[in-house]
Amino acid sequence: QVQVVESGGGLVQPGGSLRLSCAASGFTVRFYAIGWFRQAPGKAREGLTYISGSDGSTYYVDSVKDRFIISRDDAKNTVYLQMNDLNPEDTAVYYCAADRSTIVIADGIRGTPISPDAWGQGTLVNVSS
């Protein structure tokens with residue numbers, strides 16, 4: 001069964017950093033595209049970034065391009081989201097999603113509703129002083 005589990009969320013002060021993890025089971029991450037999304041209270045889900053399974057290429061939306069970094073550890077079968085210079089507007093539940101097709105994840109990042117092979121349960125990031 002294809003599953004992903006997020007972890008690493010928590011309370012962080014403005015300007016701080018966090019690293020989120022997306023641990024995969026039932027599949028090998030280097031053969032799947034993994035995307036990170038977030039949903040703030042009262043707002044629609046927002047796509048942030050993805051990493052392609054085929055060649056490890058990455059894509060970021062403009063709002064996080066200079067602050068967030070997606071990476072993959074094949075040995076740990078895990079994808080990470082390093083978040084730097086956080087601000088209160090980054091407060092949200094962060095989700096990862098996995099699909100064998102990069103097109104599916106890319107469409108989701110760009111705002112198209114998707115049904116990937118797996119969604120995680122989310123991890124809460126709260127940026128507050």
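**Exercise 1. What percentage of the 129 residues in the protein chain do buried residues make up?**

Solution. The model is predicted: local features need pLDDT of at least 70, side-chain atom pairs count only at pLDDT 80 or more, and totals for chains, interfaces and linings use all residues. Residues are numbered from 1 along each chain as its sequence is written, and side-chain values use heavy atoms, with hydrogens and water left out.

Step 1. Fix the classes: buried means under 20% relative accessible area, exposed over 50%, and partly exposed in between (1.4 Å probe, protein chains only).

Step 2. Apply them to the protein chain: buried residues account for 46% of its 129 residues.

Step 3. Consider the surface as a whole, using the Shrake-Rupley method with a 1.4 Å probe, where for residues only the protein chains shown count as cover. The accessible surface of the protein chain is about 6300 Å², and carbon and sulfur atoms contribute 47% of that area.

**Exercise 2. Determine the order of the secondary structure elements and assess the compactness of the protein chain.**

Solution. Step 1. Helices (H or I, at least four residues) and strands (E, at least two) are DSSP runs, numbered from the N terminus. The protein chain contains one helix and eleven strands.

Step 2. Read from the N terminus, the order is β-β-β-β-β-β-β-β-β-α-β-β. The radius of gyration is 13 Å, close to the 14 Å that the globule rule gives for 129 residues, so the protein chain is as compact as a globular protein of that length. Here the radius is taken over C-alpha atoms, and the rule is 2.2 Å times the number of residues to the power 0.38.

Step 3. Along the principal axes, the C-alpha atoms fill a box of roughly 40 × 30 × 25 Å.

Step 4. With contact defined as heavy atoms within 4.5 Å, residues 24 or more positions apart supply 60% of the contacts with a separation of 6 or more.

**Exercise 3. How many salt bridges does the count come to, and which residues are linked in a network?**

Solution. Step 1. A salt bridge requires a side-chain nitrogen of Lys or Arg within 4 Å of a carboxyl oxygen of Asp or Glu. The count by this rule is five.

Step 2. Glu46 and Arg38 are joined by a salt bridge at 2.8 Å, N to O. Glu46 is partly exposed at 29% relative accessibility, whereas Arg38 is buried at 7%.

Step 3. Asp90 and Arg67 also form a salt bridge, at 2.8 Å from N to O. This pair links distant parts of the chain, 23 residues apart: Asp90 lies in the loop between β8 (78-83) and β9 (92-99), and Arg67 in the loop between β6 (58-60) and β7 (68-73). Both Asp90 and Arg67 are buried.

Step 4. A network of salt bridges links Arg38, Glu46, Arg67 and Asp90.

Step 5. Lys65 pairs with Asp62 in a salt bridge, with the closest N and O atoms 3.0 Å apart. Lys65 is partly exposed at 44% relative accessibility, and Asp62 is exposed at 64%.

**Exercise 4. Locate Asn77 and Asp85, and state whether each is buried or partly exposed.**

Solution. Step 1. Asn77 is not a glycine, yet its phi is positive, at about 55 degrees. Asn77 occupies the loop between β7 and β8 and is buried, with a relative accessible area of 16%.

Step 2. Asp85, likewise a residue other than glycine, has a positive phi near 50 degrees. Asp85 sits in the loop between β8 and β9 and is partly exposed, with a relative accessible area of 48%.
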